[in-house]
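Let's explore a protein together, one question at a time. Have a look at the picture, then see how far you get before reading each answer.

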Amino acid sequence: MHDVVLAGGVFDLLHIGHVNHLGDARASGQTLIVHIASDKRVAQKKGAHAPLQPDYERAGIIAALQDVDYVFIADVPHYDESILKAVR
């Protein structure tokens, strides 16, 4: 078991796959931090029609889940870049 686990994604329309993914992530560690892709990153990846919900709403929904300890929104394409920016 790890002390801290990082999971991430868009989480635009929350579904059971997201819930299971985050539950599995939490089961592998004591603290679960979730990275939410910013609106800008989602639009770049999926097109101007996305996301359906703004990043602050997606983050609020994920933060409300029992398994999630912390949530942050980032504008970087990879989670490792998010970690580097967070610790600098």
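A residue is called buried if its relative accessible area is under 20%, exposed if that area is over 50%, and partly exposed in between. Keep in mind that this is a predicted model.

Q: What percentage of the 88 residues of the protein count as buried?
A: A residue needs a relative accessible area under 20% to be counted here. Among the 88 residues of the protein, the share that passes is 33%.

Q: In what order do the elements of the protein run from the N terminus on?
A: Let's begin with what there is to place: four helices and three strands. Reading from the N terminus on, with α for a helix and β for a strand, the order is β-α-β-α-α-β-α.

Q: Which strands stand at the edges of the sheet?
A: The three strands form an open sheet with parallel pairing, in the order E1-E2-E3. A strand at the edge has a single partner strand, so one side of that strand is left without a neighbour in the sheet. This describes strand E1 (2-9) and strand E3 (70-74).

Q: How many bridges join E1 to strand E2?
A: E1 and E2 (residues 29-37) run parallel. One of the links to look for pairs Gly9 with Ile36 in E2. The total number of bridges joining E1 to E2 is seven.

Q: At about what angle does helix H3 run to E2?
A: First find helix H3, which covers residues 55-63. This helix lies across E2 and E3. Its angle to E2 is about 160°.

Q: Is Ser38 buried or exposed?
A: You can find Ser38 in the loop between E2 and helix H2 (39-46). Leaving aside neighbours within four places in sequence, Ser38 is in contact with Asp55, Arg58, Ile73, Ala74 and Asp75. Its relative accessible area is 5%, and the cut-off is under 20%. Ser38 is therefore buried.

Q: Which residue forms a salt bridge with Arg58?
A: Arg58 sits in helix H3 and is buried, with a relative accessible area of 0%. The closest N and O atoms of the pair are 2.9 Å apart, within the 4 Å that a salt bridge allows. The partner lies in helix H2, 19 residues apart from Arg58, and counts as partly exposed at 26% relative accessibility. That partner is Asp39.

Q: How many residues apart are Asp69 and Arg26?
A: The structure holds two salt bridges, and in one of them the side chains of Asp69 and Arg26 meet, at 2.3 Å from N to O. Asp69 belongs to the loop between H3 and E3, while Arg26 belongs to helix H1. Both count as partly exposed, with relative accessibilities of 35% for Asp69 and 23% for Arg26. The pair links distant parts of the chain, and the separation is 43 residues.

Q: What is the accessible area of the nonpolar patch formed by Leu14, Ile16, Val19 and Ile61 together?
A: Take Val19 as an example: it is in helix H1 (residues 16-27). Patch members need over 30% relative accessible area, and Val19 has 34%, so it is partly exposed. With Leu14, Ile16 and Ile61 included, the area of the patch is about 310 Å².

Technical notes:
Residues are numbered from 1 along each chain as its sequence is written. This is a predicted model: local features need pLDDT of at least 70, side-chain atom pairs count only at pLDDT 80 or more; totals for chains, interfaces and linings use all residues. Side-chain values use heavy atoms; hydrogens and water are left out. Two strands pair if DSSP finds at least two bridges between them. Helices (H or I, at least four residues) and strands (E, at least two) are DSSP runs, numbered from the N terminus. Contact means heavy atoms within 4.5 Å. Axes are lines fitted to C-alpha atoms, for helices over the stretch in contact, and angles run from 0 to 180 degrees between N-to-C directions. Patches are made of residues with over 30% relative accessible area and no salt bridge: like charges are joined within 9 Å, nonpolar side chains (Val, Leu, Ile, Met, Phe, Trp, Tyr) within 5 Å. Accessible areas come from the Shrake-Rupley method with a 1.4 Å probe; for residues, only the protein chains shown count as cover. Buried means under 20% relative accessible area, exposed over 50%, partly exposed in between (1.4 Å probe, protein chains only).
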